[in-house]
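Q: I would like to learn how to read a protein model step by step. Could you take me through one?

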Amino acid sequence: MKLEVNKNELERALIALGKLVRRTASLPQFRSLKIEMTEKEIHFSTCTPLEQITFQMESPSEGAFHCVVPFEEFRMALRSCRNKTLELEYGEGILRVGETTLLHEQSVEWPVFCKGEQEAFSELPKEFVSLLEKAAPLVDREEVRSIVRGINLSREGITATNGRELLHIPLPLNVDDFTIPLPIALLQTRTKEEGSLGTWNSRAGKICRVETEHWIWQAYGLKGNYPDWRQIIPHQNSLVRSVSFLPERGEQLAI
């Protein structure tokens, strides 16, 4: 099975994929890259016990294969390729990346995010990931309360707090309160593609899935109740004064 992919596009994707790789992990799946060829698409995935991210791209080749190789070895093989087009060839448990040979790790057990009945589904605007990026700096990763180490999604929008500051970004979402872990890998994609958000329940907990044209990110939600930020924001009719301005003026104020 042989196919060609754009080297530069894949190199950019590995930056985001690498955010979930734990090079010192004792289990090989958490320091590996899974490659799947199905129905003229090729998928590249990395994972942690609670998160998984997949980059998907079209492939002109027909056929199917599945293999798992060490992430770092694949990255080095890709870097050593001098052509703009990278040739991948798989057969008999061996993956050739350009001129480098990698062995398929047969014993790896890849985590499966089992889908249950879907609870909610939302269409996402192009700027969804950039909005998450704006909320991310408020997340305190050293916070004792694990629930506050994530970003809250609700029907009112996106919310983040560090216990001293609070940011709420209004965005209509068809989802009940759901707190995702800080999505470092998803943020690193820098994607501006429209997509969808789905949540569902499984035996292991509630799961969130963000899907765009080229990316799929899914994660288990953080357990616990997110702080009731709605009580902090005053009601409109209780304000003594208010100021409104156009979006472009808001950008100038932010600068």
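Q: Let's start with one residue. Which residues does H43 touch, not counting residues up to four places away in sequence?

A: Happy to help, and please keep in mind that this is a predicted model. Contact here means heavy atoms within 4.5 Å. By that rule H43 touches K34, I35, E36 and T38, and also T54, F55 and Q56. H43 itself lies in strand β3, residues 41-47.

Q: Is H43 buried or exposed?

A: The general idea is to look at relative accessible area: under 20% is buried, over 50% is exposed, and in between is partly exposed. H43 has a relative accessible area of 14%, so it counts as buried.

Q: What polar contact does the side chain of H43 make?

A: For a polar contact we look for a pair of N or O atoms within 3.5 Å. The side chain of H43 has one with the side chain of E41, at 3.1 Å.

Q: Q56 was in that list of neighbours. Where is Q56 found?

A: Q56 belongs to strand β4, which covers residues 51-58. Q56 is buried too, because its relative accessible area is 8%. Apart from neighbours within four places in sequence, Q56 is in contact with E41, I42 and H43, and with the run E211, T212, E213, H214, W215 and I216.

Q: Which backbone oxygen does the side chain of Q56 reach?

A: That of E213, at 3.1 Å. Notice that E213 is also among the residues in contact with Q56.

Q: Let's step back to the whole chain. How many helices and strands does the protein chain have?

A: There are 5 helices and 16 strands. Along the principal axes, the C-alpha atoms fill a box of roughly 70 × 40 × 30 Å. The chain has 255 residues, and 47% of them are buried. You can also ask how far apart in sequence the contacting residues are: among contacts between residues at least 6 apart, 65% join residues at least 24 apart.

Q: How do I read a helix? Which residues of α3 are buried?

A: The general idea is about turns. An α-helix has 3.6 residues a turn, so residues three or four places apart point the same way. In α3 the buried residues are F128, V129, L131, L132 and A135. Looking down the axis of α3, these buried residues fall within an arc of 155°, so they line one face of the helix.

Q: And which residues are buried in helix α2?

A: Helix α2, residues 71-80, has F71, F74, A77 and L78 buried. Their arc around the axis is only 130°, which puts them on the same side of α2.

Q: What about empty space inside? How many cavities of 30 Å³ or more does the structure hold?

A: A cavity is a space where a probe fits but cannot get out. The structure holds 1 cavity of 30 Å³ or more, and the largest cavity has a volume of about 40 Å³. Two elements, α3 and β15 (205-212), give two or more residues to the lining of the largest cavity. By class, that lining has 5 nonpolar, 3 polar and 2 charged residues.

Q: And how much space lies in the largest pocket?

A: A pocket is open, unlike a cavity. The largest pocket has about 360 Å³ of space. It is lined by 14 residues, and the closest to its centre are R22, E51, R141, P181 and L182. The lining of the largest pocket comes to 7 nonpolar, 2 polar and 5 charged residues.

Q: One last topic, backbone angles. What is the phi of E92?

A: E92 has a positive phi of about 55°, although it is not a glycine. E92 sits in the loop between β6 (85-91) and β7 (94-97), and E92 counts as exposed because its relative accessibility is 82%.

Q: Where does R190 lie?

A: R190 is in the loop between α4 (184-188) and β14 (195-202). Its phi is near 55°, again a positive value in a residue other than glycine. With a relative accessible area of 48%, R190 is partly exposed.

Methods. Residues are numbered from 1 along each chain as its sequence is written. This is a predicted model: local features need pLDDT of at least 70, side-chain atom pairs count only at pLDDT 80 or more; totals for chains, interfaces and linings use all residues. Side-chain values use heavy atoms; hydrogens and water are left out. Helices (H or I, at least four residues) and strands (E, at least two) are DSSP runs, numbered from the N terminus. Buried means under 20% relative accessible area, exposed over 50%, partly exposed in between (1.4 Å probe, protein chains only). A polar contact is a pair of N or O atoms within 3.5 Å; within protein, one must be able to donate a hydrogen and the other to accept it, and residues adjacent in sequence count only if both atoms are side-chain atoms. On a 1 Å grid over the protein atoms alone, a cavity is a set of points where a 1.4 Å probe fits but cannot get out, and a pocket is an open set with protein on both sides within 12 Å along at least five of seven lines; lining residues have an atom within 4 Å of a point. Grid points are joined across faces, edges and corners, and a volume is the space filled by probe spheres set on the points. Ala, Val, Leu, Ile, Met, Phe, Trp, Tyr, Cys and Pro count as nonpolar, Asp, Glu, Lys and Arg as charged, and the others, Gly among them, as polar. The arc is that of the directions from the helix axis to the C-beta atoms.
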